[in-house]
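This report describes the charges, overall fold and nonpolar cores of one protein chain. The sequence and structure are shown first.

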Amino acid sequence: MPSPADSTSEDESGARAFPATAECLNSLPTEEISAEGLPPTIEWRAGRVRFLDQTALPGAVRFIETNDPGTIAEAIRTLQVRGAPAIGIAAAYALAAAAWTGPDDPAALRRRLAETAAQLRATRPTAVNLAWAIERTLRATQEARSGEVLRRAALAEAEAIHAEDVAANHRIGELGADLLPDRGGVLTHCNAGALATGGYGTALGVLRAARSRGKSHTVFVSESRPLLQGARLTTWELLQEGFRVKLLSDAAAASLFARRELAAVIVGADRIAANGDVANKVGTYGLALMAEAHGVPFHVAAPWSTVDLDTPSGAAIPIEQRGAAEVTCFAGIRTAPAEVSVENPAFDVTPARLVHAIVTERGLHRAPYRASLRAAARERTLHV
Ligand code: MRU
C-alpha cells in the first residue's frame with residue numbers, strides 16, 4: 001500500500017492512492033487572457049468554425065478550428081462546447097459548415113443538412129436551444145434553389161442566431177440587474193457566462209450589468225460536480241474581470257445559506273417549460289430548495305430561445321444521463337469501484353414555485369409563469 005504521506009506512490013498493480021492532502025499535486029498553469037478580454041467562445045472564420053475547447057480550461061486557452069460538422073457534433077457531446085445557447089449556436093454553424101462543404105446540387109445538399117441535423121440533435125437532449133437553432137437554420141434554407149444560395153442562407157442564419165444571442169444577453173443583464181441587491185453574496189451554479197453563450201452570458205451577464213451599475217457582490221460559485229463547470233469555468237471567467245469570487249464545494253451551500261452569507265441566487269437554464277419549471281445543471285434544484293428554506297430569492301436568467309412553450313411542465317423535459325465514469329473518476333483518476341452502478345443525470349428540474357423571477361430579453365417574468373410566458377410569446381418586448 002502507498003504510504004499516506006506519499007500520495008503519488010503506486011502499489012504493484014499501479015493503483016494510485018487518493019490524495020487527501022492540503023495541496024494540489026500538480027499546479028495548473030491557469031491561462032491569463034489578453035487585454036482584449038475573454039476570447040470568443042465560438043466564431044465563423046473564412047469557411048471554418050473556431051471554438052474554445054472548454055474541457056481544457058482553466059489550464060489552457062485552446063481553440064479547435066474545423067469545417068467538419070461531425071467534429072462539431074462530437075465537441076457538443078463531449079462538452080468542448082457547452083451551455084444551452086452556445087450549443088445552439090455551434091449547431092447552427094455546424095449546419096453552415098455542412099452546407100459549405102457539401103455538393104452543389106440543392107437536393108443532395110439538403111440531404112446532407114438533414115443528416116447533419118439528425119447527428120446534432122442526438123448529442124444532448126435537455127437544452128432546447130439546440131433543437132431550436134437546428135430547426136431555425138434548416139427553415140432558413142428551405143426556399144434556396146441553388147447550392148450557393150442555400151450556403152449563404154445557412155451561414156446568414158447561424159450568424160443571426162449568434163448575434164441575437166449576444167444582444168439578448170445584454171438585455172437580460174439590464175433587466176436582471178434590478179433583481180440583485182446592491183451588496184452581498186450572490187450564488188451561481190454551473191457556468192451561465194460568456195463561455196456558455198454567444199457572449200456576455202445570462203446569469204453572469206446579470207452580474208456583469210449589476211456591477212457596471214456600481215453594485216458590489218461577492219460571487220459564490222458552487223463547483224458543479226461532476227464536471228466542475230463552476231470550479232473550472234465560472235471562476236476563471238469572473239476572475240479575468242476582477243470579480244470577487246469564492247468557490248465552494250457543492251456540499252457547502254446549505255451552511256452558507258444558514259450563515260446568511262447569500263442575498264440571492266441566480267442561475268441559467270437549459271429549458272424552461274410553459275409552466276415555468278426550469279431544467280438546469282444538476283444541483284440547481286437543491287439550491288432552490290435551500291434558498292426557499294432560508295428566504296433567499298432564487299432567479300433564473302435565460303434567452304427566449306430557452307423557453308419551450310411546447311413542453312407543458314418540467315416532467316416532460318428529457319434529462320440527459322451521462323456516462324458513469326464522470327462520477328466514478330475524478331480528473332481521470334478512479335475514485336469509486338469500477339463495478340458500482342451510477343446515477344448521473346446532467347440536469348434537474350426546479351419547480352416554478354421555487355423561482356422568484358425568470359428574466360429573458362422579453363422581460364421579467366413572475367408567477368403565475370404560464371400566463372406571463374404566454375403573454376411574452378405574443379409580444380416582442382414585455383415590461384412587467
Ligand atoms: O452541461 P452543461 O455545462 O452544458 O450545462 C450548462 C448549464 O446547465 C447552464 O447553466 C445552462 O446551459 C445555461 S448557459 C447560459
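## Charges and surface

In this predicted model, the chain carries 40 positive and 43 negative charges, and the mean positions of these two sets lie 5 Å apart. The accessible surface of the chain amounts to about 16500 Å², and carbon and sulfur atoms account for 53% of that area.

## Overall fold

The secondary structure consists of 11 helices and 16 strands, and the C-alpha atoms occupy a box of roughly 70 × 55 × 45 Å along the principal axes. The radius of gyration of the chain is 21 Å, which agrees with the value near 21 Å that a compact globule of 384 residues would have.

Of the 384 residues in the chain, 54% are buried. When contacts between residues at least 6 apart in sequence are considered, 73% of them join residues at least 24 apart.

## Nonpolar cores

In soluble globular proteins, nonpolar side chains tend to be buried together. The largest nonpolar core here contains 39 residues, and those with the most contacts inside it are Val49, Phe51, Ile76, Tyr93, Leu120 and Ile134. At least two residues of this core come from each of several elements, including strand 1 (42-45), strand 2 (48-52), helix 1 (69-77) and helix 5 (147-177), while helix 2 provides the largest share, 14 residues.

Leaving aside residues up to four places away in sequence, Tyr93 touches Ile42, Trp44, Val49, Leu155, Ala158, Glu159 and His162. A second core, separate from the largest one, comprises 28 residues, among them Leu248, Val267, Val300 and Val355.

Notes
Residues are numbered from 1 along each chain as its sequence is written. This is a predicted model: local features need pLDDT of at least 70, side-chain atom pairs count only at pLDDT 80 or more; totals for chains, interfaces and linings use all residues. Side-chain values use heavy atoms; hydrogens and water are left out. Helices (H or I, at least four residues) and strands (E, at least two) are DSSP runs, numbered from the N terminus. The radius of gyration is taken over C-alpha atoms; the globule rule is 2.2 Å times the number of residues to the power 0.38. Buried means under 20% relative accessible area, exposed over 50%, partly exposed in between (1.4 Å probe, protein chains only). Contact means heavy atoms within 4.5 Å. Accessible areas come from the Shrake-Rupley method with a 1.4 Å probe; for residues, only the protein chains shown count as cover. Lys and Arg count as positive and Asp and Glu as negative; His and the chain ends are not counted. The place of a charge is taken as NZ of Lys, CZ of Arg, CG of Asp or CD of Glu. A nonpolar core is a set of buried Ala, Val, Leu, Ile, Met, Phe, Trp, Tyr and Cys residues joined through side-chain atoms within 4.5 Å.
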